[in-house]
Amino acid sequence: EVSHFVYRVPKENHDVMMQLNKQFVNIMRGYGATHLVLQLNNTEAPMEGITNISKTLSVNQDEETWLELIFYKDRRHQDEVDAKMRNDVNMEQLFKQSMDLITPGTTFIMGEFTRLGV
């Protein structure tokens, strides 16, 4: 199981968001989940018929596109981690702080994915 979050961060908030994500990563490790934080490094589409995610999100030159991936062992593990996060005061505070750092008027885009047997 994998959860993903995509969001826009004003470049001026980069360092503060990095610090918040370091705290978040440490908490998630304590829950037994792997958490990766990535920043989009290219806004060009590689070929015709493909749209770069930055265009879909309407990212401007003063913003960065960030992606967070959280990996769980299975659905049961994800449910356990989610329950711990909901009851963790530190997680609540980190979330509130991060909401203040993303681009005003935007939200986190979230999805949960199950691995297919391909």
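In what order do the elements of the protein chain run from the N terminus on? Colour the model by secondary structure and follow the chain: the order is β-α-β-α-β-α-α-β. That makes four helices and four strands. Keep in mind as you go that this is a predicted model.

**The whole chain**

Start zoomed out. Along the principal axes, the C-alpha atoms fill a box of roughly 40 × 40 × 20 Å. Of the 118 residues, 38% count as buried. Switch on a surface and you are looking at about 7900 Å² of exposed area, with carbon and sulfur atoms supplying 53% of it. Contacts reach far along the sequence, too: among those between residues at least 6 apart, 82% join residues at least 24 apart.

**Into the core**

Next, select Tyr7, Met17 and Met28. These are the residues with the most contacts inside the largest nonpolar core, which has 18 residues. Now show the elements that give two or more residues to this core: strand 1 (2-10), helix 1 (14-30), strand 3 (63-71) and helix 4 (89-101). Helix 1 provides the largest share, with five residues.

Stay on Tyr7 and display its surroundings. Leaving aside residues up to four places away in sequence, Tyr7 touches Met17, Asn21, Glu64, Thr65, Trp66, Glu68, Ile102, Thr107 and Phe108.

**One step along: Arg8**

Move on to Arg8, in strand 1. Is this arginine buried or exposed? Arg8 counts as buried because its relative accessible area is 16%, below the 20% cut-off. Look for the backbone oxygen of Leu57, which lies 2.9 Å from a polar atom of the Arg8 side chain. Beyond residues up to four places away in sequence, the neighbours that Arg8 touches also include Ser58, Val59, Glu63, Glu64, Ile102, Thr103 and Thr106. Two of these names, Glu64 and Ile102, may be familiar from the stop at Tyr7.

**A patch on the surface**

Now select Leu36, Leu38 and Phe71 with the surface on. Together they make a nonpolar surface patch of about 230 Å². Leu38 sits in strand 2 (residues 34-39) and is partly exposed, at 38% relative accessibility.

**Last stop: Glu80**

Finish in helix 3 (residues 75-86), where you will find Glu80. Glu80 is partly exposed, with a relative accessible area of 38%. To end the tour, draw a distance between the C-alpha atoms of Glu80 and Asn42: these residues are 38 apart along the chain, and the atoms are separated by 35 Å.

Key. Residues are numbered from 1 along each chain as its sequence is written. This is a predicted model: local features need pLDDT of at least 70, side-chain atom pairs count only at pLDDT 80 or more; totals for chains, interfaces and linings use all residues. Side-chain values use heavy atoms; hydrogens and water are left out. A nonpolar core is a set of buried Ala, Val, Leu, Ile, Met, Phe, Trp, Tyr and Cys residues joined through side-chain atoms within 4.5 Å. Buried means under 20% relative accessible area, exposed over 50%, partly exposed in between (1.4 Å probe, protein chains only). Contact means heavy atoms within 4.5 Å. A polar contact is a pair of N or O atoms within 3.5 Å; within protein, one must be able to donate a hydrogen and the other to accept it, and residues adjacent in sequence count only if both atoms are side-chain atoms. Patches are made of residues with over 30% relative accessible area and no salt bridge: like charges are joined within 9 Å, nonpolar side chains (Val, Leu, Ile, Met, Phe, Trp, Tyr) within 5 Å. Accessible areas come from the Shrake-Rupley method with a 1.4 Å probe; for residues, only the protein chains shown count as cover. A salt bridge is a side-chain nitrogen of Lys or Arg within 4 Å of a carboxyl oxygen of Asp or Glu.
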